[in-house]
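Got your viewer open? Load the model, keep the selection tool handy, and let's walk through it stop by stop.

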Amino acid sequence: MPINVLMPALSPTMEKGNLAKWLKKEGDPIKSGDVLAEIETDKATMEVEAIDEGVLAKILVPEGTADVPVNDLIALIAAEGEDPGSVQAPAGGGGDAKPAAAASPADQNTTPGGGHMSYERVNEAPGGATPTQGAPAKAESAKAESGKPNGAAPAESGGRVFASPLARRIARQDGIDLSAVRGSGPHGRVIERDVRAAIAGGTAKAGAPKAAAAAPAAAPAPAAPPQKAAASAPAGLSLDQVRGFFQKGAYEEVPLDGMRKTIAKRLTEAMQVAPHFYLTVDCEIDALMKLREQLNGSAGKDKDGKPNFKLSVNDFIIKAMGLALIRVPAANAVWAEDRVLRFKNAEVGVAVAIDGGLFTPVIRRADEKTLSTISNEMKDFAGRARAKKLKPEEYQGGVTSVSNLGMFGIKHFTAVINPPQSTILAVGAGEKRVVVKDNAPAVVQMMTATLSCDHRVLDGALGAELIAAFKSLIENPMGMLV
Amino acid sequence: MADTYDVLIIGAGPGGYVTAIRAAQLGFRTAVIDREHLGGICLNWGCIPTKALLRSAEIYHYMQHASDYGLSVEKVGFDTAAIVKRSRGVSGRLNGGVGMLLKKNKVDVIWGEAAIDSAAKGNQPGQVTVKETKRAEAPKGAKGAGTYSARHIIVATGARPRAIPGIEPDKRQIWTYYEAMVPEAMPKSLLVMGSGAIGIEFASFYRTMGAEVTVVELLPQILPVEDAEIAALARKRFEKQGIKILTGAKVTKVEKAADSVTATIEGSDGKSQQITAEKLISAVGVVGNIENLGLEALGVTIDRGVVVTDGLGRTNVPGLYAIGDVAGPPMLAHKAEHEGVICVETIKGLHTHPMDKGKIPGCTYCQPQIASVGLTEAKAKEQGFSVKVGRFPFAGNGKAIALGEPDGLIKTVFDAKTGQLLGAHMVGAEVTELIQGYVVAMTLETTEEELMHTVFPHPTLSEMMHESVLDAYGKVIHS
């Protein structure tokens with residue numbers, strides 16, 4: 001009963017990779033944790049570790065092979081006490097049993113119409129994670145098909161297959177090879193639902209192994225619930241794969257709420273669909289700090305003696321972004337499938353961290369509103385965001401967003417664009433720095449800001465123009481008062 | 001916080017206390033809250049005390065028919081108070097047993113009315129406020145009112161009798177199972193609304209004890225969830241015992257007099273009739289106890305009075321779970337227990353699957369008993385199965401004849417294509433003790449072949465289970 005080594009998925013989106021190098025030879029003893037091979041993707045080179053013990057009996061994919069599909073059988077390990085010489089590759093190809101798992105990320109990423117992204121509410125009520133009867137069933141079938149970490153073999157070929165009588169009979173009637181079906185019953189016993197899943201997935205057909213591999217589970221079972229309900233984010237490693245990397249009991253499993261699912265889905269999409277590039281500038285904020293102090297000092301007071309406004313640095317940043325978008329009209333636009341939508345006024349989203357997630361309420365007409373209006377609007381938004389009381393129309397849309405991690409002492413970072421927007425400004429902490437001024441060292445207050453741009457809408461020069469306009473406004477803040 | 005639990009369960013019914021014990025076994029610091037009784041309705045006002053009553057009725061019935069067995073009894077009679085006392089004693093003993101089991105497993109018992117203030121969030125545990133209750137005295141060693149926190153909160157608050165507007169139970173003439181369980185005297189006449197398990201069991205009990213009993217069922221069939229053939233056989237036996245049965249009939253009005261009720265009943269033909277009885281038992285189903293727990297405020301999804309869960313007990317609010325009656329039908333103790341175990345094992349991170357609700361057996365302890373699991377013949381056909389049906393009558397079984405119980409039937413429904421046992425339905429003596437044989441078979445996914453190859457002991461009633469399978473495939477021996 002040899003152990004099958006399958007082409008692993010090194011990232012959620014990986015569909016195939018290059019087998020760069022074998023680090024073990026046929027006949028080498030293998031211990032759990034040994035590095036067997038190096039796999040290359042377009043992004044990185046990763047090592048494949050053994051999770052089983054034995055002897056590397058057969059290498060089925062030679063090194064240097066390009067574009068090996070995920071879950072293809074690449075080698076066989078002879079288990080202890082087994083003669084490595086007698087190990088044969090199973091007729092069906094060990095990996096064939098689970099193309100459904102491999103196919104799923106692709107299914108979920110591709111939205112009709114190519115790069116089209118639909119806007120979805122982040123906080124479709126805190127209860128967005130409405131469990132459906134379907135969801136667990138889907139999870140199950142995924143479990144049933146995905147198997148052990150690193151995709152160890154399905155039921156051992158040639159050995160005894162433990163299967164329920166009903167599973168055996170259905171398999172016989174439908175021509176399913178039970179040894180290629182992963183059992184989800186007690187102790188890995190193959191039960192009815194596993195065989196039904198194999199039939200629905202079009203896998204494990206006895207006598208037609210290659211054909212099955214070529215047409216992986218494209219069609220979900222007719223009775224299967226809608227796929228979307230189950231997985232909100234494009235699938236990466238399967239649950240079982242991830243669990244397999246850790247000791248049982250070392251972790252606690254936390255179910256996802258609607259907000260977490262939406263964040264995972266939308267930002268993964270954003271990262272994959274919108275080509276990001278980043279522009280960083282340092283802004284001197286001495287003048288801004290001074291103006292802020294003056295303005296705050298001049299605020300009128302209401303009858304309780306409370307000032308009518310108290311401007312924060314972030315309020316200036318919002319206003320500056322709004323004005324910058326007006327000064328650079330080509331950047332005041334978003335991508336929309338086959339065109340861009342260009343705006344007249346500036347809509348600036350502001351990331352508000354809340355317990356367990358975040359919202360980005362949008363300040364409309366940020367270019368026209370006074371600083372005090374923006375400031376008071378933001379206070380209201382932030383309060384209601386934390387209470388999850390924002391209305392969808394208050395956090396939908398926007399052309400850009402401001403994400404400020406300055407209060408956490410972050411000096412510089414990059415942010416993920418929040419669809420459908422085309423830019424996002426990542427703002428770091430204001431701090432005193434020594435800079436060269438008039439050929440002499442000077443201490444000034446600086447703040448570093450990094451603009452993430454969607455290259456479909458903004459090219460480098462346009463992005464640079466936008467952030468330059470922003471910098472100019474921040475450094476000459478009087479411009480924001482007129 | 002001093003009182004942070006890993007798992008806090010609201011409701012110590014069969015679902016709640018079993019869940020608590022399993023949670024404790026898994027190493028969780030566990031507490032269970034109740035306001036009235038350990039063991040819940042099942043143990044105190046449902047399954048268990050009715051079985052005690054029905055046992056008295058059964059023996060009374062045998063005494064009346066002693067001569068059939070060659071025995072003579074001088075004077076047959078009963079003492080209502082003693083029957084009730086025995087039934088309460090059985091409940092009391094088991095209630096104490098639950099307390100012992102919880103103590104043995106180091107599960108804290110908290111006494112009072114619980115409301116959930118918050119579910120766990122991040123590192124912050126959820127909070128439950130428990131208020132004092134006047135319903136019942138706390139058992140010894142129980143904690144009292146206060147605020148308790150827990151990382152996982154499981155709602156297992158069970159259900160209560162459904163009340164129909166205009167026919168609200170009044171504890172005097174209009175009874176629910178509470179009053180029907182502890183009669184001060186046997187009513188001379190009785191009207192039972194609803195022919196589910198609860199209604200039929202009380203009808204059977206009171207009829208055996210001598211009452212004139214009428215059962216009114218809205219649907220065209222009594223025992224509506226059972227196989228039509230089984231229900232029809234049961235009906236024939238009930239009618240032979242003297243129970244009057246009206247199906248497709250609706251109670252439209254109830255008028256109360258000093259010591260009787262008069263119900264206006266409209267038949268399916270539109271004709272009305274009036275029936276007067278000393279008592280009316282309202283047994284028109286139960287509804288989940290989902291109120292006053294703070295579920296709405298927490299945003300828990302509730303659909304038609306049922307807390308929606310993912311099959312593993314999880315609600316849409318992380319850290320909040322629901323099992324048993326509140327999580328939807330079938331509202332049975334054994335379903336609640338199983339669901340609770342799945343729920344805490346999921347919390348523990350063990351490999352769990354949602355319960356297959358198609359394999360939950362149901363038992364009704366009337367005379368004759370009814371037991372079933374899986375699809376009825378009609379449901380199987382409705383779902384598109386081409387079926388093979390096996391039947392074996394009690395009259396063909398040696399043990400049944402020897403017991404003096406020649407009436408009954410065991411029916412099996414197979415998928416003609418795969419040989420999967422889709423359902424099994426029984427009516428007759430002791431069938432509630434037989435059904436689990438088929439439940440095991442279904443759970444293990446046996447086909448007709450393994451069932452045929454299984455050796456059943458002779459002479460037992462279980463041989464009929466074998467014969468019924470053989471009959472489905474034209475191989476029956478004794479029929």
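What follows is a tour that starts with chain A, crosses the contact, and ends among the loops of chain B.

Before you click, note that this is a predicted model, where local features need pLDDT of at least 70, side-chain atom pairs count only at pLDDT 80 or more, and totals for chains, interfaces and linings use all residues. Residues are numbered from 1 along each chain as its sequence is written, while chains are lettered from A and ligands numbered from 1 in the order in which they are written.

**Stop 1: chain A, coloured by confidence**

Colour chain A by pLDDT (the predictor's confidence in each residue, from 0 to 100). The average is 77, and 75% of the residues score at least 70. Now select residues 91-157 of chain A, where the pLDDT is below 50. Residues 207-234 of chain A are also below 50. Where pLDDT is low, don't read the predicted coordinates in detail.

Switch to cartoon and chain A shows 13 helices and 18 strands; these are DSSP runs numbered from the N terminus, with helices being H or I of at least four residues and strands E of at least two. Of its 482 residues, 40% count as buried, meaning that 20 or more other C-beta atoms lie within 10 Å of a residue's own; exposed is 12 or fewer, partly exposed is in between, and C-beta atoms are placed from the backbone.

Next, select 162-199 of chain A, where UniProt (unreviewed entry) places "domain: Peripheral subunit-binding (PSBD)"; such annotations may be inferred rather than shown by experiment, and the positions use the numbering here, with feature names shortened. This span is 47% helix and 0% strand, with its end C-alpha atoms 18 Å apart.

**Stop 2: where A meets B**

Show the contact between the chains: 27 residues come from chain A and 25 residues from chain B, counting pairs whose C-beta atoms, placed from the backbone, lie within 7 Å. On the chain A side, α2 (134-146) and α3 (165-174) each supply at least two residues. Which helix gives the most to that side? It is α3(A), with six residues.

**Stop 3: a helix in chain B**

Select α3 (47-64) of chain B. Its 18 residues should span 26 Å at 1.5 Å a residue (taken times one less than the number of residues), and its end C-alpha atoms are 26 Å apart, which agrees. Buried residues here include B:Cys47, B:Ile48, B:Leu53 and B:Leu54. The buried residues of α3(B) pack against α2 (40-45), α4, α5 (177-181), α6 (197-208) and α8 (333-348) of chain B.

Move on to B:Asp79, in the loop between α3 and α4 (80-104) of chain B. B:Asp79 counts as exposed because it has 10 C-beta neighbours inside 10 Å. Draw a distance to B:Met186: the C-alpha atoms are separated by 9.5 Å, although the residues are 107 apart along the chain.

**Stop 4: backbone oddities in chain B**

- B:Pro329 to B:Pro330 is a cis peptide bond, with omega near -5°; B:Pro330 sits in the loop between β19 (320-322) and α8.
- B:Gln367 to B:Pro368 is cis as well, with omega near 0°; find B:Pro368 in the loop between β20 (362-364) and β21 (369-374).
- B:Lys171 is not a glycine, yet has a positive phi of about 70°; look in the loop between β7 (159-161) and β8 (174-175).
- B:Glu430 has a positive phi near 60°, and lies in the loop between β24 (421-428) and α11 (431-443).

Methods. Contact = placed C-beta atoms within 7 Å.
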